[in-house]
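Let's take a walk through this structure together. We'll begin with the chain as a whole and then look at some of its side chains.

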Amino acid sequence: MEVIKTEIEGLEIRPQKIVGDHRGWLLEMFPGGMSNPAVQPWGFGNLCASVATGKHIPRGGHYHYHDHEISITLTGSALWLFYDFRKDSLTHGKIVGLVTGV
């Protein structure tokens, strides 16, 4: 599984493979099941899905002090912004943006 390192300490992005054709598409959310490092050792934190209902509509703005999340954009595209609030982090104040979509 591909791992994208970011400028924020400890923040990794793991894109999932989407297979599709004229009939539709299939996304295996947790390749490898329980052996997937996204599932172990923390188990499931959150499973988020972004479904586009219209263009240029922001939704879901919030933050976590500490979290392990799995977020997937099911339709359309989404802008995910990550900000390092941790005052003791070497990357405190750093912002990383990622656009995802199918």
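Start with how the chain folds back on itself: of its contacts (heavy atoms within 4.5 Å) with a separation of 6 or more, 37% are between residues 24 or more positions apart. Keep in mind that this is a predicted model, where local features need pLDDT of at least 70 and side-chain atom pairs count only at pLDDT 80 or more, while totals for chains, interfaces and linings use all residues. Residues are numbered from 1 along each chain as its sequence is written, and side-chain values use heavy atoms, with hydrogens and water left out.

How confident is the predictor? The mean pLDDT (the predictor's confidence in each residue, from 0 to 100) of the chain is 75, and 62% of its residues reach 70 or more. Among the elements, strand S1 (residues 4–5) has the highest mean, 89, and strand S5 (residues 46–50) has the lowest, 57.

As for layout, the chain has eight strands and zero helices. Here strands (E, at least two residues) and helices (H or I, at least four residues) are DSSP runs, numbered from the N terminus. Along the sequence, that reads β-β-β-β-β-β-β-β.

Now for the surface. The chain has an accessible surface of about 7900 Å², and carbon and sulfur atoms own 59% of that; such areas come from the Shrake-Rupley method with a 1.4 Å probe, and for residues only the protein chains shown count as cover. Of the 102 residues in the chain, 17% are buried. Buried means under 20% relative accessible area, exposed means over 50%, and partly exposed is in between (1.4 Å probe, protein chains only).

**Salt bridges**

How many salt bridges does a search of the whole structure find? The search turns up three, a salt bridge being a side-chain nitrogen of Lys or Arg within 4 Å of a carboxyl oxygen of Asp or Glu.

| Salt bridge | Closest N to O |
|---|---|
| Lys5 and Glu12 | 2.6 Å |
| Asp84 and Arg86 | 2.8 Å |
| Glu7 and Lys94 | 3.2 Å |

Take the Glu7 and Lys94 pair, with its closest N and O atoms 3.2 Å apart. Glu7 sits in the loop between S1 and strand S2 (12–13), and Lys94 sits in the loop between S7 and S8, so this bridge ties together parts that are 87 residues apart in sequence. Glu7 is exposed at 52% relative accessibility, whereas Lys94 is partly exposed at 34%.

In the Lys5 and Glu12 bridge, Lys5 is exposed, with a relative accessible area of 60%, and Glu12 is partly exposed at 31%. The Asp84 and Arg86 bridge has a buried partner: Asp84 has a relative accessible area of 3%. Arg86, at 33%, counts as partly exposed.

**A buried loop residue**

Both Asp84 and Arg86 turn up again around Thr91. Leaving out residues up to four places away in sequence, Thr91 touches Glu7, Ile8, Glu9, Asp84 and Arg86. Thr91 lies in the loop between S7 and S8. Is Thr91 buried or exposed? At 13% relative accessibility, Thr91 counts as buried.

**A nonpolar patch and a ring pair**

Next comes a nonpolar surface patch of about 770 Å², made by Tyr63, Leu79, Leu81, Tyr83, Phe85, Ile95 and Val99. Patches are made of residues with over 30% relative accessible area and no salt bridge, with like charges joined within 9 Å and nonpolar side chains (Val, Leu, Ile, Met, Phe, Trp, Tyr) within 5 Å. Strands S7 (77–83) and S8 (95–101) each supply at least two of the patch residues, and S7 gives the largest share, three residues. Val99 belongs to strand S8 and is exposed, at 61% relative accessibility.

Two other patch members are ring partners. Rings of Phe, Tyr and Trp (its six-membered ring) pair if their centres lie within 6.5 Å; planes under 30 degrees apart count as stacked, over 60 as edge-to-face and the rest as tilted. That rule gives one aromatic pair. The partners are Tyr83 and Phe85, edge-to-face at 4.5 Å centre to centre with 65° between the planes. Tyr83 is partly exposed at 38% relative accessible area, and Phe85 is partly exposed at 41%.

**One last stop: Pro15**

Where is Pro15? Pro15 is in the loop between S2 and strand S3 (18–21), partly exposed with a relative accessible area of 34%. Not counting residues up to four places away in sequence, Pro15 touches Glu2 and Ile4. The C-alpha atoms of Pro15 and Ile72 are separated by 9.0 Å, with the two residues 57 apart along the chain.
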